[in-house]
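Hi everyone, thanks for making the time. I'd like to walk you through a structure today, so please have a look at it first.

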Amino acid sequence: MQTSDKGVAFLVAHEGIVPAPYRDSVGVWTFGIGHTAAAGPPIPATMPRGMPADLDTVLREVFAVFRRDLARYEADVLNALGRTPTAQHEFDAAVSFHFNTGAIGRAAWVNLWKRGQKADAAASMLANWRKPAEIIGRRTAERDLFLTGDYGKAKATVWQVSSTGKVIWKPAKRLFQSDILALMGREDAETPLHRLQRALAAIGLYTGRIDGIDGPRTQAALSAFNRARDEIAALNLET
């Protein structure tokens with residue numbers, strides 16, 4: 001079992017992304033999406049500091065590292081659960097919890113879950129893993145995902161960072177699920193709307209971001225295309 005696309009987007013939205021080394025809340029050098037030296041190379045303390053000139057290239061590196069890290073956390077969750085019947089959203093919530101805490105093997109809520117006491121497990125997850133206070137929002141979201149399958153709609157934020165390793169809480173970029181999947185190299189990241197936007201952009205009708213969102217710019221470009229097609233059809237009929 002692996003984290004679903006929605007689960008990946010959920011986890012990354014709650015973790016946030018810092019595209020250069022930074023010191024976390026306890027002073028540990030960290031990179032990208034929660035990657036530290038404890039997880040293996042690259043070693044954040046030895047990496048170039050400050051915002052990269054080519055953000056997109058570094059984001060691809062961030063997600064390559066994240067993909068390797070995530071596999072280890074998924075394996076830990078599977079090992080902790082054993083033969084416990086597990087829905088996809090439950091697994092995704094457990095992976096997010098473990099990625100944040102590293103505690104899937106000792107958390108009391110997991111034992112409650114394995115005994116079939118899912119409501120008690122969800123309550124225990126929130127009641128016993130709520131420090132520091134800033135984590136309560138994430139833990140509440142994980143509890144809700146575990147119980148109801150509600151992934152929410154939060155986008156992932158790429159934060160700015162200084163050359164001294166201090167996170168600057170100003171967004172450098174925001175990523176939709178499709179952006180995250182593309183950066184991870186998922187084959188299914190490109191949707192029909194992405195392809196439509198690319199086609200419209202190729203003929204100069206769409207000038208927005210290729211984001212797979214059926215927004216006003218996409219609709220305007222499609223309307224312009226349909227008008228042009230109708231005009232061409234009318235000219236052909238006249239001749």
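**Starting from one serine**

Let's begin with S124, which counts as buried because its relative accessibility is 9%, and buried here means under 20%. Keep in mind as we go that this is a predicted model. You'll find S124 in helix α5, which covers residues 118-128. And what does S124 touch, once we skip residues up to four places away in sequence? The answer is A108, W109, L112 and W129.

One of those names, W109, takes us straight to the largest nonpolar core. That core has 48 residues, and W109 is listed with V12, I17, F63, F66 and I180 as having the most contacts inside it. Which elements give two or more residues to this core? They are α1 (5-15), α2 (55-81), α3 (88-101), α4 (108-114), α5, α6 (136-148), β4 (156-161) and α7 (177-183). The biggest giver is α2, with twelve residues. There is also a second, separate core of five residues, among them A20, Y22, V161 and V167.

Let me pick out F63 for a moment. Leaving aside neighbours within four places in sequence, F63 is in contact with V12, I17, I33, L175, I180, L183 and M184. You'll recognise V12, I17 and I180 from the list of core residues with the most contacts.

Now, on to α1. Its buried residues are G7, V8, A9, F10, L11, V12 and A13, and they pack against α2, α3, α6, β4 and α7. Just after α1 comes G16, with a positive phi of about 75°.

How do α1 and α2 sit relative to each other: roughly parallel or roughly perpendicular? Their axes come within 13 Å and cross at roughly 110°. Angles of 65 to 115 degrees count as roughly perpendicular, so α1 and α2 are roughly perpendicular to each other. The crossing is right-handed. At this contact, V8, L11 and V12 from α1 meet F63, F66 and L70 from α2. By class, that contact has six nonpolar residues, no polar ones and no charged ones.

Next, follow α2 to its meeting with α3. Here the axes come within 9 Å and cross at roughly 110°, which makes α2 roughly perpendicular to α3. This crossing is right-handed too. On the α2 side we have F66, D69, L70, Y73, E74, D76, V77 and L78, and they meet F91, A94, V95, H98 and F99 of α3. The residues of this contact divide into nine nonpolar, one polar and three charged. If you're following on the model, F66 and L70 are worth clicking on: they meet α1 residues, and they are on the list for the α3 contact as well.

Last stop: I210. Is I210 buried or partly exposed? At 24% relative accessibility, I210 counts as partly exposed. I210 lies in the loop between α8 (192-202) and α9 (216-238). Without its neighbours within four places in sequence, I210 is in contact with H194, Q197 and R198. To place it against something we've been near already, take Q88: I210 and Q88 are 122 residues apart in sequence and 29 Å apart in space, C-alpha to C-alpha.

That's my tour. Happy to go back to any of these spots with you.

Definitions and conventions: Residues numbered from 1 in each chain as written. Predicted model: local features only at pLDDT ≥ 70, side-chain atom pairs only at ≥ 80, totals over all residues. Heavy atoms only, no water. Helix = DSSP H or I, 4+ residues; strand = E, 2+ residues; numbered from the N terminus. Buried < 20%, exposed > 50% of the residue type's maximum accessible area, 1.4 Å probe, protein only. Contact = heavy atoms within 4.5 Å. Core = buried A, V, L, I, M, F, W, Y, C linked by side-chain atoms within 4.5 Å. Axes fitted to C-alpha atoms, helices over the stretch in contact; angles between N-to-C directions. Parallel < 35°, antiparallel > 145°, perpendicular 65-115°, else oblique. Left-handed = near helix turned anticlockwise from the far one by under 90°. Nonpolar A, V, L, I, M, F, W, Y, C, P; charged D, E, K, R; others polar.
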